[in-house]
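User: Hi! Could you walk me through the sheets and helices of this model, one question at a time?

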Amino acid sequence: MKYISTRGKYEGKVDAAYAIKCGLAEDGGLFMPTEIPTLSSDELQSLINKNYNERAAFIIGKFLTDYTYEELLEDAEGAYAKEKFGDFPAPVHKVDDSIHTLELWHGPTCAFKDMALQIMPRLFVRALRKTGESREALILVATSGDTGKAALEGYRDVSGTKIQVFYPTDGVSAVQKLQMQTQEGKNVSVKAIRGNFDDAQNGVKRIFADAKTEALLNEKNTFLSSANSINWGRLVPQIVYYVSAYLDMVSSGNIAFGEKIDVCVPTGNFGNIFACYIAKLMGLPVEKLVCASNVNNVLTEFLECGRYNKLRDFHATISPSMDILISSNLERLLYLVAGQKKTAEYMELLSSSGEYTVEKDIFERIKESFIGIYTDEAETKNTIKRIYENKNYLIDTHTAVAMSAAMRYISTYKAERKVLVVSTASPYKFAKDVFMSLEGKVFDFHDTEAPKMLSDLTGTEIPTPLSSVLAKKILHPDIIGREDMDNAVLDFVAD
Ligand SMILES: *Cc1c(COP(=O)(O)O)cnc(C)c1O
């Protein structure tokens, strides 16, 4: 399988290892395989009796043809080990006859990004070897919370790599801050920045673009790389759990083999839902993809009228991992339905004028598979309460956005297929907002007290990674100015 850039470069001459090592294509586009491999009905059937790791090695192997099945199985077994994910990395929960959830938060940081960030470092290290790279990689991450911690857990003690994370000191929750400040591992560095997320992000971008830093790092036999969601190595592991969930629904007798389902995904950067679209193109029996947004509903508007307009107010919501105005992975969908030339034009328009509108035929093709629905803050809170009281099931704020969208989808479209709602975070990761939603009012208490209060109220257990963080030693107390980020990078490499 060869790879190509969504904006034209490479003409299908590079391998998956190269795409994973580079992250972003040199023309600013994203890597995509030149064709979408198929998953035949026989192959799908043969995976029913396989475990998650075998399913992962098989599916990922269809895209990473320069990796062997044995390599991929070893990586999956390391990534989704029982000590990290328990017995089932991505279990399906039946909410009622029409709705199931796919729980993607049983990993070490209790959010769905673990599903990709546990295996990607392993794929990345192999990519270095396969491309003949002898330097060490320094992974730089700017984070507003979830990604930083998940990347730290994924790259900690992975040989041939170091990881450094920058977060805005007042821009993450108290629990998220503790998770990062207590991070263990020999190859990790965590720095708080005086500033907001954009300051951290711009600082990282500046370091990536700085030739002097690049030369200094090169002297230390080091090069920079990133772990963000546009890397193909993060996207491809996400295809696996859609296939796996479908098979589990067949095994449990909730659908017949071959029966179509609809999938509803709480969406930010469009990575997770796009992975489901690939699974559908491969042949997984999925009909509609419901793209659920919070009040940052740029994608809802796009899926209603074909116009993408990033020039709008940004809202900080209780589902912060979906507070995004530029959904980077949408570019991959545009590439598939409109081709490279059009995609490059749209992206040019987006950066020059802040918006683009796709042509009618392209819009119609997107509409065949996607429906956009958004949920406001009041409805999100209300959904958490209703689902807990009526279904005895506790969900986090992001999952609630999708749950509400799924229910609205079923009633509006009189949908008869089973709907799989993707659950992206443990309710304990956003315990304070979940607690207040259940109580129906605002309380003034500290973030770090919330997990215990939620546990007392609902009689459910705090996941170990979150309960243990309060007792852990702070290893990374530093707060630095944004102008000191370059030096922090060079100091870390000199260590
Ligand atoms: C990152 C994230 C999302 C959004 O996923 P995308 O792939 O960016 O669309 C949703 N929920 C949670 C909890 C997340 O961490």
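User: Happy to start small: which residue is the bridge partner of Ile163 in strand 7?

Analyst: Strands here are DSSP runs (E, at least two residues) and helices are runs of H or I with at least four, all numbered from the N terminus. Strand 6 (residues 161–168) and strand 7 (residues 188–194) pair in the parallel sense over 6 bridges; two strands count as paired if DSSP finds at least two bridges between them. In strand 7, Ile163 is bridged to Val188.

User: What should I know about where these values come from?

Analyst: This is a predicted model, in which local features need pLDDT of at least 70 and side-chain atom pairs count only at pLDDT 80 or more, while totals for chains, interfaces and linings use all residues. Residues are numbered from 1 along each chain as its sequence is written, and side-chain values use heavy atoms, leaving out hydrogens and water.

User: Thanks! Which strands stand at the edges of the sheet with the order 8-5-6-7-15?

Analyst: That open sheet has 5 strands, and its pairing is parallel. The twist averages 30 degrees from one strand to the next, with angles running from 0 to 180 degrees between N-to-C directions and axes being lines fitted to C-alpha atoms, for helices over the stretch in contact. Each edge strand has a single partner, so one side of each is left without a neighbour in the sheet: these are strand 8 (222–225) and strand 15 (479–481).

User: At about what angle does helix 10 run to strand 5?

Analyst: Helix 10 (residues 197–209) lies across strand 5 (136–142), strand 6, strand 7 and strand 8. Its direction relative to strand 5 is about 155 degrees.

User: On to the other sheet: how many of the residues of strand 14 are buried?

Analyst: The sheet is open, with 6 strands in the order 3-4-14-9-10-13 and mixed pairing. Strand 14 (residues 418–423) pairs in the parallel sense with strand 4 (residues 99–103) over 5 bridges, and 4 bridges join it to strand 9 (residues 261–266), also parallel. Among the bridge partners, Ile99 goes with Val419, Glu103 with Ser423 and Val263 with Leu420. Taking buried as under 20% relative accessible area, exposed as over 50% and partly exposed in between (1.4 Å probe, protein chains only), the count for strand 14 is 5 of its 6 residues.

User: Are helix 13 and helix 15 roughly parallel or roughly antiparallel?

Analyst: Helix 13 (residues 271–282) and helix 15 (residues 330–353) pack at an angle of about 30 degrees, with their axes 10 Å apart. Angles under 35 degrees count as roughly parallel, over 145 as roughly antiparallel, 65 to 115 as roughly perpendicular and the rest as oblique. The two helices are therefore roughly parallel.

User: Which residues of helix 15 does helix 13 meet?

Analyst: Contact means heavy atoms within 4.5 Å. From helix 13, Phe274, Tyr277 and Leu281 take part, and they meet Arg332, Leu333, Leu336 and Val337 in helix 15.

User: Last one: which helices are included in what covers the buried residues of helix 19?

Analyst: In helix 19 (residues 431–439), the buried residues are Ala431, Val434, Phe435, Met436, Ser437 and Leu438. Just after this helix, Gly440 takes a positive phi of about 70 degrees. The cover over the buried residues of helix 19 includes helix 17 (377–391), helix 18 (397–413) and helix 20 (450–458).
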